[in-house]
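Reader: I have a structure open and would like to go through its aromatic rings. Can we start with one residue and work outwards?

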Amino acid sequence: MAPVLDFPINVGLIDDVQELKKGRKTKIPNRFVRDVAERPAVATIQSPLSTSIPVIDLSKLMKGNKEDFHFEIMKLSASCDEWGFFQVINHGIDLDLLKKIEKVAMEFFMLPVEEKQKYPMAPGTVQGYGQAFVFSEDQKLDWCNMFALGLVPHSIRNPKLWPTNPPTFSDTVETYSREIRKLCKDLLRFIALSLGLRDNVFEDMFGVSVQAMRMNYYPACPRPDLVLGLSPHSDGSALTVLQQGKGSTIGLQILKNNTWVPIQPVPNALVINIGDTIEVLTNGRYKSSEHRAVTHKEKDRLSIVTFYAPSYETEIGPMPEMVDENNPSKYRRYNHGEYSRHYVTNKLQGKKTLDFAKIPPKNSF
């Protein structure tokens, strides 16, 4: 089963941001207004100096010549090492399917709020419609509506949360998730090769991998300088796949060298990022990157995110190949289900959740 809280919590009133937008109010409710230190600088919200993170051509890894393959593997290694993020093109997923998943996601978010609230995200859980990672009534909220589902294995699904409207929702999600799962398996093979490991090492280790999806809808906000679309965090997954809605504004930002860098979407590309699980397995060689989402004053934004992680029964820790005398283990061994429970029962707060796995330095007190 998916990890859940085993005690009740009071999250207070959580306003639906789409309804706030419909009300055309210019004053932002206080629960969405960030403390000054957390607010996004105006320059980073609409920066023309946004960066296109490394772009990996999957076709060159799948069927390129030896020279193309070597070049792309080296680029993949550098992307994982220096950024923890890359965009993948020629990923083999039918572009019509990408359009279909965006269409049903938009159709769902455009339903009357009463219809969407038939699939509520209960406090302390991460499936359904609402806001995740909220654990107290005074916690700051993200300027975002979320709809999340567990996909694989079937034991993590909650059938009551699968909408019947739009009618094509379930079939489209099933087809999309199968294609994304195949992509994740392919990418993990090449990430393994980029580390000098055998190509199926992660698949053998992960068992029946856990897969979940979250659709994020960020309405335009009259004061994008006061709010965040999504709080800073790293992902607890092994890999995360992000599809940004066609024509989306720049919303994703990555923390690099203590600076929030806006990321320019590449048409028809999928954004991939390394999660905490890969950081632990590689003993910190490939690091999960802290990232966040910002909002836009005039334009809404849609994103569709898939999380791919080991089975909850899998034991995780630095792989022997990643540890030596000069690079001792930085992380302890743990059960992945235990970490997942820790992750989903804490608010998003940078990379703080990874402290769960870190081995304190010997000279620390």
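Reader: Is Phe-356 buried or exposed?

Author: This is a predicted model. In it, Phe-356 has 17% relative accessibility. The cut-off for buried is under 20%, so Phe-356 counts as buried.

Reader: And which ring does Phe-356 pair with?

Author: With the ring of Tyr-334. The two centres are 5.5 Å apart and the planes are at 85°. Edge-to-face means planes over 60 degrees apart, so this pair is edge-to-face.

Reader: Where do the two sit in the chain?

Author: Tyr-334 is in strand β14 (residues 334-335), and Phe-356 is in the segment after α10 (336-344). They are 22 residues apart, so the pair links distant parts of the chain. Tyr-334 is buried too, at 2% relative accessibility.

Reader: How many aromatic pairs are there in the whole structure?

Author: A search finds 17. One of them is Phe-109 with Tyr-129, a tilted pair with 6.5 Å between centres and 50° between planes.

Reader: What does that pair tie together?

Author: Phe-109 belongs to helix α5 (residues 95-109) and Tyr-129 to strand β3 (residues 128-130), so the contact ties together parts 20 residues apart in sequence. Both residues are buried.

Reader: Which cluster are they in?

Author: An aromatic cluster of Phe-108, Phe-109, Tyr-119, Tyr-129, Phe-147, Phe-169 and Tyr-217.

Reader: New topic: charges. What lies over the face of Trp-83?

Author: Lys-256, at 4.7 Å from the ring centre. Elsewhere, the charged end of Arg-189 sits over the ring of Phe-190, 4.9 Å from the centre of that ring.

Technical notes: Residues numbered from 1 in each chain as written. Predicted model: local features only at pLDDT ≥ 70, side-chain atom pairs only at ≥ 80, totals over all residues. Heavy atoms only, no water. Phe/Tyr/Trp six-rings, centres within 6.5 Å; stacked < 30°, edge-to-face > 60°. Helix = DSSP H or I, 4+ residues; strand = E, 2+ residues; numbered from the N terminus. Buried < 20%, exposed > 50% of the residue type's maximum accessible area, 1.4 Å probe, protein only. Lys NZ or Arg CZ within 6 Å of the ring centre and 35° of its normal.
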